[in-house]
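Here is a set of exercises to work through with the structure open beside you. Try each task before reading its solution.

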Amino acid sequence: MTPERWQKINEVFQSVLDLEPDKQKAFLEKACAEDESLRHQVETLLAANDEAGTFIGGNAAEDAGDLLDGNLHRSLTGENIGHYEIVSLLGSGGMGKVYLANDSKLNRPIAIKTIPVSYAPESDFVKRFITEAKAAANLNHANVATVYSVEQTDEDQFFITMEYVEGEPLGKLIPPGGLDQRTFLDWFTAIADALSHAHEKGIVHRDIKPNNIMITPAGTPKLLDFGLARMERSNAQGSASTLELTKTGQILGTPAYMSPEQAEGKQIDHRSDIFSFGVVMYMALTGVRPFNGDSYASVVSELMTKEPAPVSDLKPEAPYLLSRLIMKCLSKDPRYRYQSMREVRLMLSETRSALDSGASLSKPDNISYRGDRGVSLIVLYSLLGAVILLGALSGWYFLSRSSAAAPEVTKFQFTPDSSLNLNVTSSRLSPDGKSLVIPKFGNDGVRFYVRSLSSFETKPIAGTEGGNLAFFSPDSKWIAFSTKTEGLRKVSLEGGNPVTICDSCTGIRGGYWGEDNNIYSSTGKGIFAVSADGGTPRFLTEVDKSKGETEHYDPKLLPGGKALIFTAALNGTTRIGVFTIADSSSKYIEEAGQAVSPNYVDTGHIAFARGSQLMAIPFDLNSLTATGKPVLVQPGLFGMFPNVNVSENGTLLYLPSISRTNNQLVWVDRNGRETPAFEKKGDFSSPRISPDGTRVAVSFGEDIWVYDLKTKIGTRITDDGKNEIPMWSEDGESVIYSTEKDNSFAVYRKRADGTGEAEKLAENQYRIIPYSHHPTEKIISLTKADAQGNTDIVTRSLESGKTEAVVATKFREDTPRFSPDGRWLAYFSMDTGVPQIYALSLDAGRRKVPVTSDGGMFPVWSPAGKELFYRSANKFYSVTTDGSGVFNSADKKLLFEGKYLTSFDISPDGEKFLMVRDEYGTLPKTVNVVVNWSEELTRVLNSQN
Amino acid sequence: MTKTAPQEITQLLVAWGDGDKRAFDQLMPFVYDELRKLARNYMRNQKPDHTLQTTALVNEAYLRLIDSSRVNWQNRTHFFAISAQLMRRILVDFARAKNANKRGGGDPKVTFDEGLPVTGGKDTDLIALDEALKELAGMNERQSQIVEMRYFGGMNEKEIAEALEISERTVRRDWKIARAWLFRELNR
């Protein structure tokens with residue numbers, strides 16, 4: 001049949017179907033009046049359409065089931081296996097069939113789960129079956145179907161005997177509007193307990209769904225079928241077979257109840273179960289599944305992208321806490337879920353006992369604190385994870401709560417009222433850890449807002465207009481702030497007019513209100529104290545310009561009131577200073593360099609930020625000295641703004657890092673004209689052009705990519721750890737880069753096409769970064785950080801592994817690049833307090849020649865070696881040189897100015913620069929809060945000992 | 001075939017999504033190999049009484065082959081479209097292999113998988129369907145694609161509409177007549 005003829009048939013066929021049945025015949029008569037064959041075609045097709053029924057309505061693979069599946073599994077009904085008489089087939093479980101059998105010895109009904117005979121006893125499948133059975137047999141819990149034994153028939157068929165659970169699957173018992181609250185809480189508290197028990201034994205269920213939960217006639221829920229349960233991997237290097245289990249497990253799960261990470265095929269842990277449990281709770285309480293779709297792909301798509309409607313929307317009468325609990329379990333990122341099933345269980349049982357006590361569980365309209373006792377109870381509850389809701393709890397909680405729970409670490413992220421456009425980078429956490437004070441920089445000046453973590457409301461603080469940098473009183477009831485005209489002022493958060501504390505205290509840089517009722521603050525001169533009741537400021541420290549100090553700021557009174565810690569800026573770095581009140585002496589904590597935002601934590605540490613890392617150093621309050629080296633608590637925690645706040649009860653507030661998703665690689669010529677290198681935008685940084693000019697190696701997110709500049713096709717060459725700052729080998733065959741993994745740092749080399757294994761060239765306890773390759777010798781230049789955060793320059797022979805310290809001072813030295821003739825190393829140093837560029841001769845004389853005198857960073861040689869390019873802030877300069885160590889600094893030329901990320905490179909013809917256009921324009925809007933962070937800190941520190 | 005890194009396959013997929021038809025030809029062998037391997041594993045190792053879900057297979061192939069963090073949902077739809085075509089080939093090849101084995105001979109073009117169980121199940125008319133689909137493609141290629149995507153690829157109407165850049169209504173209308181025609185042809 002020709003396409004034209006078929007098209008005609010199509011038109012008539014569709015027109016007929018679009019008509020009411022009684023008009024179809026007449027239409028057909030008319031349309032096919034002259035064409036009997038057309039009429040026949042359409043009529044037979046209409047008939048076929050009616051008769052087709054389920055024809056190809058399913059899917060091909062399923063219809064070809066016989067072909068593909070085979071009849072591998074014979075039924076055992078009516079037979080005996082040992083002393084078990086098979087009664088009937090109960091159903092098909094995770095990997096085999098499940099039968100009801102009678103144990104003739106003990107005369108009790110049991111369930112038997114079998115796997116097909118055709119599987120070899122030593123096959124992976126059977127091993128998996130046995131592993132799973134052993135895992136499940138470890139569980140002894142009233143709400144888990146007990147596994148009795150793993151046995152083998154005479155024909156080598158393995159089977160598991162287990163508790164026979166009579167009853168109905170949960171899936172069948174959920175009415176359209178969901179379960180009533182009491183039933184819900186009874187059942188789910190029990191299941192949560194069972195799951196928590198399993199997790200504590202290292203068993204993840206992986207397939208939690210309503211049909212795996214049986215409700216016995218007595219109303220006891222039982223968790224079934226750890227058929228997909230796997231032992232969590234106990235070591236980092238899982239064997240191939242373990243990985244295979246994981247792989248296979250991922251698609252055996254039911255997509256509607258899968259966690260996002262499971263659906264993506266990522267490594268999963270117990271938090272995946274917490275997600276699935278959340279989906280089942282959602283379904284059971286509302287009667288509706290949170291993620292739907294009519295195909296596998298569409299369910300997965302919803303799961304990945306959709307935020308389900310809050311439970312409270314679907315079931316307004318449900319306890320608000322419950323809604324919140326379920327939604328938290330459904331966080332897409334496992335880090336924002338509850339971190340343990342025990343927390344979930346605790347929340348459920350708390351809610352249940354509250355319900356038992358007859359209290360209302362709905363969301364109250366107002367907040368009521370009931371004196372100190374009430375407040376502390378609220379804090380206790382916050383430990384259980386409902387931090388945002390603290391004040392949303394009504395009196396019921398106080399009635400039911402009787403004993404303190406073990407502190408749990410709870411983490412959440414929130415945006416304080418995005419409509420207000422607050423400047424969270426200057427937010428401060430109250431000492432009780434319950435509220436934040438946040439400035440808003442408006443057109444009409446600054447004013448402050450307070451956001452209680454127990455409320456959704458962000459309220460302006462009257463009378464704070466024109467203020468600058470606010471901080472809390474020790475009882476968290478007042479804030480103090482500075483103004484240009486009236487000096488240091490304070491205002492009660494409960495209302496009232498602001499009061500001036502010290503009208504001469506202007507131009508101050510935030511402060512700290514101590515338990516001794518003194519306010520500690522700073523100006524350019526040093527740190528001063530003034531009574532919070534008013535008075536004259538007394539200077540405590542003095543900025544010592546002869547030591548290179550430029551500022552003392554951010555003072556905090558240590559517990560006991562004997563001393564202050566503060567941050568000192570000097571020589572381009574920052575140090576933590578300790579000021580002893582009794583003898584007015586100050587000193588640095590020498591061990592902690594490059595440190596900002598120090599906070600004393602009651603674990604006996606000073607926590608501080610260094611770059612993007614959160615560090616902690618043990619500190620003795622009696623001797624006021626560090627008693628050890630700083631340890632890395634968490635890498636990659638901070639973005640641009642390392643604002644760390646720790647409250648007295650161990651809550652941590654910090655600003656999350658923002659990924660730079662809009663950066664673009666661009667070519668910029670000597671006149672500043674910019675053209676995109678390619679269209680793709682993303683988290684690019686540190687581009688380096690290959691020696692032949694055809695490719696670029698660049699950091700993208702946490703990986704190194706190599707892009708072909710012509711085809712624009714990229715290859716990711718790293719697959720593990722956090723990788724950054726690539727450079728090329730001299731032959732252009734390989735890329736050398738820095739990797740951070742498991743809190744240690746190393747330099748690797750890998751082939752630029754991504755093939756082959758990465759080869760470790762060097763490692764260091766702290767950051768180590770490769771910068772350039774010597775033109776003729778097999779030597780690379782690197783920077784190596786020490787415990788203080790200072791970087792020194794070393795060279796390393798790739799042949800002998802010999803490392804030589806080239807520039808090592810107590811200041812930061814960075815970005816060493818070999819000159820094209822190999823005789824010089826250009827770098828920048830902070831030794832004068834501002835970055836300056838130097839060239840170091842690599843001959844025996846080791847001559848150090850200053851290149852800049854008014855600031856410069858990131859030197860890059862021109863390919864011919866006749867020019868050195870560098871940047872100072874956003875300005876890019878060139879300076880000429882004759883190659884003998886003479887730099888014509890007076891003739892330096894400003895090439896262009898632009899908002900580009902720090903690292904850049906030059907094309908082999910020396911005519912254009914490869915830059916990363918910095919689209920990082922917005923300030924963070926969210927803050928991260930970790931309740932009981934000190935618990936986590938203790939854990940991290942213990943694990944490192 | 002040499003092992004190819006996910007990023008290359010991902011790149012091909014992205015390139016195809018951007019309109020590079022050559023990328024499609026390069027992509028096919030990888031996906032075919034992977035789907036075939038998975039289908040074989042299913043027969044050999046999976047729960048025997050678990051019905052084989054094309055979508056599950058394709059999804060797993062997708063997870064294995066594609067670096068999902070770098071591919072958008074539209075690319076994913078394209079992947080499913082390719083897979084539908086390949087599943088058709090795989091299943092028809094399996095059916096042919098089985099028939100060949102039953103006859104005791106062998107079609108030299110088809111390698112029979114040693115793990116494939118030879119059973120006396122009902123004869124499938126996959127081969128006839130495949131032939132009919134080829135004929136349909138001659139009359140209207142899009143209709144044949146829709147059947148392929150839905151029946152062999154397990155895609156739903158919305159996904160098919162996205163992949164072919166037509167309305168869901170058109171998908172429904174085409175599906176209806178295509179199915180009627182196939183049913184009529186196969187039941188003559």
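## Exercise 1: A serine in a loop

In chain A, the loop between strand E27 (573-580) and strand E28 (585-593) is the place of A:Ser584. The model you are looking at is predicted.

Task: find A:Ser584 and decide whether it counts as buried or exposed.

Solution.
- Step 1: look at the backbone. A:Ser584 is not a glycine, yet its phi is positive, about 50 degrees.
- Step 2: count the surroundings. A:Ser584 has 11 C-beta neighbours inside 10 Å.
- Step 3: apply the cut-off. A residue with 12 or fewer such neighbours is exposed, so A:Ser584 counts as exposed.

## Exercise 2: A similar question in chain B

Task: which loop holds B:Glu165, and is this residue buried or exposed?

Solution.
- Step 1: place the residue. B:Glu165 sits in the loop between helix H7 (157-164) and H8 of chain B.
- Step 2: check phi. B:Glu165 is a residue other than glycine with a positive phi, near 55 degrees.
- Step 3: count. There are 6 other C-beta atoms within 10 Å, so B:Glu165 is exposed.

## Exercise 3: An aspartate with distant partners

Task: work out whether A:Asp432 is buried or exposed, and which residues it contacts beyond its neighbours within four places in sequence.

Solution.
- Step 1: locate A:Asp432 in the loop between strand E13 (428-429) and strand E14 (435-442) of chain A.
- Step 2: count 20 other C-beta atoms within 10 Å. The cut-off for buried is 20 or more, so A:Asp432 is buried.
- Step 3: list the contacts. They are A:Ser476, A:Ser647, A:Glu648 and A:Asn649.
- Step 4: take one partner further. A:Asn649 lies 217 residues from A:Asp432 along the chain, but 6.4 Å separates their C-alpha atoms.

## Exercise 4: Comparing the make-up of the chains

Task: how many helices and strands does chain A have, and how many does chain B have?

Solution.
- Step 1: chain A contains 18 helices and 60 strands.
- Step 2: chain B comes to 8 helices and 0 strands, giving the pattern α-α-α-α-α-α-α-α along its sequence.
- Step 3: turn to burial. In chain A, 45% of the 945 residues count as buried; in chain B, 46% of the 188 residues do.
- Step 4: consider contacts between residues at least 6 apart in sequence. In chain A, 49% of them join residues at least 24 apart, and in chain B the value is 66%.

## Exercise 5: One helix, two partners

Task: describe how helix H8 (residues 181-200) of chain A packs against helix H15 (residues 341-356) of chain A, then how H8(A) packs against helix H11 (residues 270-286) of chain A.

Solution.
- Step 1: recall what is needed. A pair of packed helices is described by the angle and the distance between the two axes.
- Step 2: for H15(A), the axes come within 8 Å and cross at roughly 155 degrees. H8(A) and H15(A) are therefore roughly antiparallel, and their crossing is left-handed.
- Step 3: sort that contact by class. It has 8 nonpolar, 6 polar and 5 charged residues.
- Step 4: for H11(A), the axes come within 12 Å of that of H8(A) and cross at roughly 170 degrees. That makes these two helices roughly antiparallel as well.
- Step 5: name the residues. A:Phe184, A:Phe188, A:Leu195 and A:His199 of H8(A) meet A:His270, A:Asp273, A:Phe277, A:Met281, A:Ala284 and A:Leu285 of H11(A). By class, this contact has 7 nonpolar, 2 polar and 1 charged residues.

## Exercise 6: The nonpolar cores

Task: which members of the largest nonpolar core touch the most other members?

Solution.
- Step 1: the core has 72 residues, and the ones sought are A:Ile191, A:Met281, A:Leu285, A:Ile326, A:Cys329 and A:Val344.
- Step 2: follow one of them. Beyond residues up to four places away in sequence, A:Ile191 touches A:Asn143, A:Ile213, A:Pro221 and A:Leu223.
- Step 3: look elsewhere. Another core, of 70 residues, lies apart from this one and includes A:Val424, A:Tyr520, A:Ile527 and A:Ala626.

## Exercise 7: Across the chains

Task: what is the packing angle of helix H3 (residues 36-51) of chain A and helix H8 (residues 168-186) of chain B?

Solution.
- Step 1: the angle is about 95 degrees, with the axes 8 Å apart.
- Step 2: H3(A) and H8(B) are therefore roughly perpendicular.
- Step 3: the residues of H3(A) involved are A:Thr44, A:Leu45, A:Ala48, A:Asn49 and A:Glu51, and they meet B:Lys176, B:Ile177, B:Ala180, B:Trp181, B:Phe183 and B:Arg184 in H8(B).
- Step 4: by class, the contact has 6 nonpolar, 2 polar and 3 charged residues.

Terms used. Residues are numbered from 1 along each chain as its sequence is written. Chains are lettered from A and ligands numbered from 1 in the order in which they are written. This is a predicted model: local features need pLDDT of at least 70, side-chain atom pairs count only at pLDDT 80 or more; totals for chains, interfaces and linings use all residues. Axes are lines fitted to C-alpha atoms, for helices over the stretch in contact, and angles run from 0 to 180 degrees between N-to-C directions. Helices (H or I, at least four residues) and strands (E, at least two) are DSSP runs, numbered from the N terminus. Angles under 35 degrees count as roughly parallel, over 145 as roughly antiparallel, 65 to 115 as roughly perpendicular and the rest as oblique. A crossing is left-handed if the near helix is turned anticlockwise from the far one by less than a right angle, and right-handed if clockwise. Ala, Val, Leu, Ile, Met, Phe, Trp, Tyr, Cys and Pro count as nonpolar, Asp, Glu, Lys and Arg as charged, and the others, Gly among them, as polar. Two residues are in contact if their C-beta atoms, placed from the backbone, lie within 7 Å. A nonpolar core is a set of buried Ala, Val, Leu, Ile, Met, Phe, Trp, Tyr and Cys residues joined through C-beta atoms within 7 Å.
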